[in-house]
Amino acid sequence: VFPACRMASAADVVSTWDGTTGNWSDASRWDSTLFPNNGNGGFSYDAIISVGTVTLDQTISIEDLMFTGGTIGGSDALTLASLDWTGGTFNGTGLVTVGGGTIGGSAFSLGLGGTTLRLTGDVEWLGSWIDQSGSRGTIEVTSGTTFSKTTVGGGDRSFDANLTVESGATFLHDSDHSTAIFGTLTNNGTVQVDQGTLNVSGDF
């Protein structure tokens, strides 16, 4: 039914952006017959974005996003069962809800400008810098969720975004180097430093 797309166990269809600039809902820019949005054609979707600029022009919900480069913007909401973010920039004004996954690792820095990432499942931060891109973005850690910085080695890192730890949520620093938070750290839950140094340079 979908000869142009690769199949994966996480979803029925894996769609890859073609590297151009355009709207998420423009199916011609994806290598699948339909643009990725769970329920489209009766299928669930994973998406891969490695280059180009994608604008969220409607509310989108998918299984996994592999984000390795390029830009995701727009004002509409994006809901992800999981996120594998190793490169690129979020710079829209919409809410991105993340059910779990990993941030960083292979790229030196990631961009977070204006977008709010709301973590509803455990997410591990693997060591890339998180840089402000335009207006400062925010990561919200919700109740029952842990956002953990656990990288061993690789040098000091900075987090140039706002971090909100809600009641019942945890930010865990279990890394052998220093991490500086330049945005506002709002803690109504638990900030736990097991090793290394957490430097709060912004408001706390």
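This briefing covers the overall build of the protein chain, a set of parallel strands, and three individual residues. The model is predicted. The protein chain holds 20 strands and 0 helices. Its radius of gyration is 17 Å, close to the 17 Å that the globule rule gives for 204 residues, so the chain is as compact as a globular protein of that length.

**Overall dimensions and surface**

- Taken along the principal axes, the C-alpha atoms of the protein chain fill a box of roughly 50 × 30 × 30 Å.
- Of the 204 residues in the protein chain, 48% are buried.
- The accessible surface of the protein chain is about 8000 Å², and carbon and sulfur atoms contribute 46% of that surface.
- Among contacts in the protein chain with a separation of 6 or more, 33% are between residues 24 or more positions apart.
- The protein chain carries 6 positive and 21 negative charges, and the mean positions of these two groups lie 5 Å apart.

**Parallel pairing of strands 11, 14, 17 and 19**

- Strand 11 (residues 116-119) runs parallel to strand 14, and 4 bridges join them.
- Within this pairing, Leu119 is opposite Val141 of strand 14.
- Strand 14 (residues 138-141) also pairs with strand 17 in the parallel sense, again over 4 bridges.
- Two positions illustrate the register between strands 14 and 17: Ile139 stands opposite Leu163, and Glu140 has Thr164 as its bridge partner.
- Strand 17 is joined in turn to strand 19 (residues 185-187) by 3 bridges, and these two strands run parallel.
- In that pairing, Val165 has Asn187 in strand 19 as its bridge partner.

**Cover on strand 17**

- In a regular strand the side chains alternate between the two faces of the sheet.
- Strand 17 (residues 162-165) has Asn162 and Thr164 on one side, and Leu163 and Val165 on the other.
- All four of these residues are buried, and both faces of strand 17 are covered.

**Thr170**

- Thr170 is found in strand 18 (residues 170-181).
- With a relative accessible area of 17%, Thr170 is buried, because the cut-off for burial is under 20%.
- Leaving aside neighbours within four places in sequence, Thr170 is in contact with Val141, Thr145, Thr146, Phe147, Val165 and Thr190.
- Two of these partners belong to the pairings described above: Val141 is in strand 14, and Val165 is in strand 17.

**Leu83**

- Leu83 sits in strand 7 (residues 78-90).
- Leu83 counts as buried because its relative accessibility is 3%, against a limit of under 20%.
- Not counting residues up to four places away in sequence, Leu83 touches Asp64, Leu65, Phe90, Val98, Gly100, Gly101 and Thr102.
- Gly52 is 31 residues from Leu83 in sequence, and the C-alpha atoms of the two are 18 Å apart in space.

**Ser135**

- Ser135 lies in the loop between strand 13 (129-132) and strand 14.
- Ser135 is partly exposed because its relative accessible area is 47%, which falls between the limits of 20% and 50%.
- Apart from neighbours within four places in sequence, Ser135 is in contact with Leu112, Gly113 and Gly114.
- For one of these partners, Leu112, the separation from Ser135 is 23 residues in sequence and 8.4 Å in space, C-alpha to C-alpha.

Conventions. Residues numbered from 1 in each chain as written. Predicted model: local features only at pLDDT ≥ 70, side-chain atom pairs only at ≥ 80, totals over all residues. Heavy atoms only, no water. Buried < 20%, exposed > 50% of the residue type's maximum accessible area, 1.4 Å probe, protein only. Pairing = 2+ DSSP bridges. Contact = heavy atoms within 4.5 Å. Rg over C-alpha atoms; globule rule 2.2 N^0.38 Å. Areas by Shrake-Rupley, 256 points an atom, 1.4 Å probe, with all protein chains shown as cover. Lys, Arg positive; Asp, Glu negative; His and termini not counted. Charge placed at Lys NZ, Arg CZ, Asp CG, Glu CD.
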